[in-house]
Amino acid sequence: MTETRHRIPGPEFWTAIFTGALALFTFVALVVGYRQLKEFQAEGQVQHLLALDQKFDQEPMLTYRRGLAEKRLKNEEDPDELYPLLDFFETVGLLVNRGYLDESDVWNTFSYSVFVLNADARQIIEQRQREDRTTYEEFSSLVERLQHIETDKHGTSAHPSKDEITDYWRQELSAGKAIPMRPHMRKKTTK
């Protein structure tokens with residue numbers, strides 16, 4: 001009868017097992033790290049967006065928005081209040097282009113304001129860009145990105161009509177102002 005010998009694995013076997021396990025753990029750590037990094041990036045994008053949204057709805061932006069609305073409704077051609085708003089959205093466009101903001105989130109938050117501002121100030125922007133092509137380059141890029149999203153979502157706001165622009169400026173006159181609610185009428189009870 002022949003005996004079958006059980007051979008004890010040698011050091012090469014154990015080295016291979018431990019190297020394989022180390023490679024597996026390293027791969028898992030990389031995947032987990034990548035996912036966490038993506039989550040931190042998404043959280044950072046939301047924080048940036050919320051900060052910009054808050055800035056847009058606070059002073060001095062509210063004063064600029066109301067002032068621009070008042071002057072545009074009086075057909076003033078090149079009001080000073082236009083430029084802080086264009087500069088604000090120039091910054092938003094820069095942050096989108098650099099990946100600090102998600103363009104879909106920006107579309108949800110600011111697209112209508114961007115579309116109206118672009119439509120209403122397009123001639124001024126184009127004139128400034130003829131003088132210096134880099135002027136409002138990030139704003140123009142933002143407009144294009146948001147228009148693509150608007151088209152993909154089958155929206156109709158990318159090219160507002162003159163009436164829509166006028167309505168927007170009328171609404172902007174009360175930006176940041178609390179609109180008082182009418183008191184609820186109490187029902188009289190009969191005894």
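Which residues form a nonpolar patch on the surface? Select Leu24, Phe27, Val28, Val31 and Val32: these side chains make up the patch, and together they have about 420 Å² of accessible area. Keep in mind as you click around that this is a predicted model.

**Stop 1: one residue of the patch**

Stay with valine 32 for a moment. You'll find valine 32 in helix H1, which covers residues 11-56. Colour by accessibility if your viewer does that: valine 32 has a relative accessible area of 41%, so it counts as partly exposed.

**Stop 2: the largest cavity**

Now head inside. There are 2 cavities of 30 Å³ or more, and the largest cavity holds about 50 Å³ of space. To see its walls, select Phe56, Arg65, Leu85, Phe89, Ser113, Leu117, Tyr168, Trp169 and Glu172. Helices H3 (82-97), H4 (103-131) and H6 (162-172) each give two or more residues to this lining. H6 has the largest share, with 3 residues. Colour the lining of the largest cavity by class and you get 6 nonpolar, 1 polar and 2 charged residues.

**Stop 3: a salt bridge in the wall**

Keep Arg65 and Glu172 selected, since both belong to the lining of the largest cavity. What do the side chains of arginine 65 and glutamate 172 meet in? They meet in a salt bridge, at 2.7 Å from N to O. Arginine 65 sits in helix H2 and glutamate 172 in helix H6, so this pair links distant parts of the chain, 107 residues apart. Are arginine 65 and glutamate 172 buried or exposed? Both are buried. Add Asp57 to the selection, and you have a network of salt bridges linking Asp57, Arg65 and Glu172.

**Stop 4: the second largest cavity**

Next, select Leu68, Arg72, Glu77, Pro79, Leu82, Leu117, Asp120, Ala121, Ile124 and Trp169, which line the second largest cavity. About 40 Å³ of space lies in there. Helix H2 (61-73) and H4 each supply at least two residues of this lining, and H4 gives the most, with 4 residues. By class, the lining of the second largest cavity divides into 7 nonpolar and 3 charged residues, with no polar ones. Leu117 and Trp169 deserve a click here, as they appear in the lining of the largest cavity and in that of the second largest cavity.

**Stop 5: two more salt bridges**

Side chains of opposite charge can pair when their charged atoms come close. The structure holds 11 salt bridges, and two more of them are worth a look.

Pick arginine 128 and aspartate 78, whose side chains meet in a salt bridge at 4.0 Å, N to O. Arginine 128 is in helix H4, while aspartate 78 is in the loop between H2 and H3, 50 residues apart. Arginine 128 counts as partly exposed because its relative accessibility is 32%. Aspartate 78 is partly exposed too, at 37%.

For the last selection, take glutamate 103 and arginine 145. Their closest N and O atoms are 2.4 Å apart, in another salt bridge. Glutamate 103 lies in helix H4 and arginine 145 in helix H5 (residues 137-152), so the pair ties together parts that are 42 residues apart in sequence. Glutamate 103 is partly exposed, with a relative accessible area of 27%, and arginine 145 is partly exposed at 28%.

Notes. Residues numbered from 1 in each chain as written. Predicted model: local features only at pLDDT ≥ 70, side-chain atom pairs only at ≥ 80, totals over all residues. Heavy atoms only, no water. Patch = residues over 30% accessible without salt bridge, like charges linked within 9 Å, V, L, I, M, F, W, Y side chains within 5 Å. Areas by Shrake-Rupley, 256 points an atom, 1.4 Å probe, with all protein chains shown as cover. Buried < 20%, exposed > 50% of the residue type's maximum accessible area, 1.4 Å probe, protein only. 1 Å grid on protein atoms, 1.4 Å probe; cavity = no way out; pocket = protein on both sides within 12 Å on 5 of 7 lines; lining within 4 Å. Points joined across faces, edges and corners; volume = space filled by probe spheres on them. Nonpolar A, V, L, I, M, F, W, Y, C, P; charged D, E, K, R; others polar.
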